[in-house]
Amino acid sequence: MDELYYDFHTHNTAPNPTIIKMICVRPGEVGYAAAIHPWDTGAPDIEEQFAILEKQSTSLAAIGETGLDRLRGAPLPRQIEIFQKHLAIATAHRLPVVIHNVKCTHEILSLLKTPQLTLWHRAPVRPTNLQAIISRGAMVSFRAAELAQLDPALVPLRQLGLETDDSEDDIRQTYELAAALWKLPLPELKKHLADNFHRIFTCM
């Protein structure tokens with residue numbers, strides 16, 4: 001297990017024996033998490049996609065990525081309606097939710113039930129938003145680019161994840177950056193992240 005790395009959120013499906021990936025896909029596609037992405041919330045076949053997702057949910061480790069995006073996708077009221085349907089499916093099947101958030105931290109927090117097990121991917125690094133999310137017990141995940149702007153004192157190790165999302169980053173290099181940032185030996189950081197990954201994604 002010591003040689004393994006965990007990518008908490010990615011769209012990269014290429015297999016790698018040393019990297020355990022939480023692959024997020026659209027309903028009906030092959031992955032460990034599925035949802036209607038906020039960018040796709042204007043599609044005409046939303047109800048059909050939800051029917052597929054409902055059937056698929058018994059074989060998933062998470063619902064996601066879903067959430068709200070103030071810059072892309074359907075008008076925000078429609079996105080909220082779709083997000084709430086995702087939350088209902090996650091609650092019914094006791095699954096965590098991988099959250100996409102662009103300039104909607106307050107709105108998302110207001111919609112989440114407590115406790116709702118969530119991973120905020122590419123979580124905001126702005127202290128006020130990040131602290132609001134952390135205080136709710138959520139897990140937060142960052143790419144290398146976000147780590148460069150992050151105050152590590154704001155993120156308890158128990159709530160930390162690392163990811164590549166749709167970038168060309170090597171998750172192993174992101175781990176090295178994080179180990180330096182939190183001033184930890186790499187093996188110790190890897191143990192924390194392995195524990196975090198299996199705690200939130202219990203089906204993996």
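Me: Which residue with a positive phi follows α4?
Reply: This is a predicted model, and α4 covers residues 127-135. Just after that helix comes a residue whose phi is positive, near 85°. That residue is Gly137.

Me: Which residues of helix α4 are buried?
Reply: Let's look down the axis of α4: its buried residues fall within an arc of 100°, so they line one face of the helix. The face turned away from that buried side carries the exposed residues Thr128 and Ser135. The buried residues of α4 are Leu130, Ile133 and Ile134.

Me: What covers the buried residues of α4?
Reply: Good thing to ask next! The cover includes a helix, α3 (105-111). It also includes two strands, namely β6 (118-120) and β7 (139-142). So, among the elements covering α4, you can name α3, β6 and β7.

Me: Is Ala123 buried or exposed?
Reply: Ala123 sits in the loop between β6 and α4. Leaving out residues up to four places away in sequence, Ala123 touches Val140, Ser141, Phe142 and Glu146. Its relative accessibility is 3%, and the cut-off for buried is under 20%. Ala123 therefore counts as buried.

Me: How far apart in space are the C-alpha atoms of Ala123 and Met139?
Reply: Along the sequence, these two residues are 16 residues apart. In space, the distance from C-alpha to C-alpha is 9.0 Å.

Me: Is Arg158 buried or exposed?
Reply: You can find Arg158 in the loop between α5 (144-147) and β8 (160-162). Its relative accessibility is 55%, and exposed means over 50%. Arg158 therefore counts as exposed.

Me: Which residues is Arg158 in contact with, leaving aside its neighbours within four places in sequence?
Reply: Start with Asn196, which is 38 residues from Arg158 along the chain, although their C-alpha atoms are separated by 6.3 Å. Asn196 is one of the contacts of Arg158. The full set is Met139, Asn196 and Arg199.

Me: Which residues of α1 are buried?
Reply: Helix α1 spans residues 46-56. What covers its buried residues includes β3 (33-34), β4 (62-69) and α2. The buried residues themselves are Ile46, Gln49, Phe50, Leu53 and Gln56. Seen down the helix axis, they fall within an arc of 125°, so they line one face of α1.

Me: At roughly what angle do the axes of α1 and α2 cross?
Reply: Helix α2 takes in residues 76-93, and its axis comes within 11 Å of the axis of α1. The crossing of these two helices is right-handed. On the α1 side, the contact is made by Ile46, Glu47, Phe50, Leu53 and Glu54, while α2 brings Arg78, Ile82, Lys85, His86, Ile89 and His93. The axes cross at roughly 15°, which means that α1 is roughly parallel to α2.

Me: How many charged residues does the contact of α1 with α2 have?
Reply: Sort the contact by class: five residues are nonpolar and two are polar. The number of charged residues is four.

Me: Why is α6 described as roughly perpendicular to α7?
Reply: The axes of α6 (residues 171-181) and α7 (residues 186-200) come within 9 Å. They cross at roughly 105°, and angles of 65 to 115 degrees count as roughly perpendicular. That makes α6, relative to α7, roughly perpendicular.

Me: How many nonpolar residues are in the contact of α6 with α7?
Reply: Helix α6 supplies Tyr175, Glu176, Ala178 and Ala179, and α7 supplies Leu186, Leu189, Lys190 and Leu193. By class there are two charged residues and no polar ones. The nonpolar residues number six.

Notes: Residues are numbered from 1 along each chain as its sequence is written. This is a predicted model: local features need pLDDT of at least 70, side-chain atom pairs count only at pLDDT 80 or more; totals for chains, interfaces and linings use all residues. Side-chain values use heavy atoms; hydrogens and water are left out. Axes are lines fitted to C-alpha atoms, for helices over the stretch in contact, and angles run from 0 to 180 degrees between N-to-C directions. Helices (H or I, at least four residues) and strands (E, at least two) are DSSP runs, numbered from the N terminus. Angles under 35 degrees count as roughly parallel, over 145 as roughly antiparallel, 65 to 115 as roughly perpendicular and the rest as oblique. A crossing is left-handed if the near helix is turned anticlockwise from the far one by less than a right angle, and right-handed if clockwise. Contact means heavy atoms within 4.5 Å. Ala, Val, Leu, Ile, Met, Phe, Trp, Tyr, Cys and Pro count as nonpolar, Asp, Glu, Lys and Arg as charged, and the others, Gly among them, as polar. Buried means under 20% relative accessible area, exposed over 50%, partly exposed in between (1.4 Å probe, protein chains only). The arc is that of the directions from the helix axis to the C-beta atoms.
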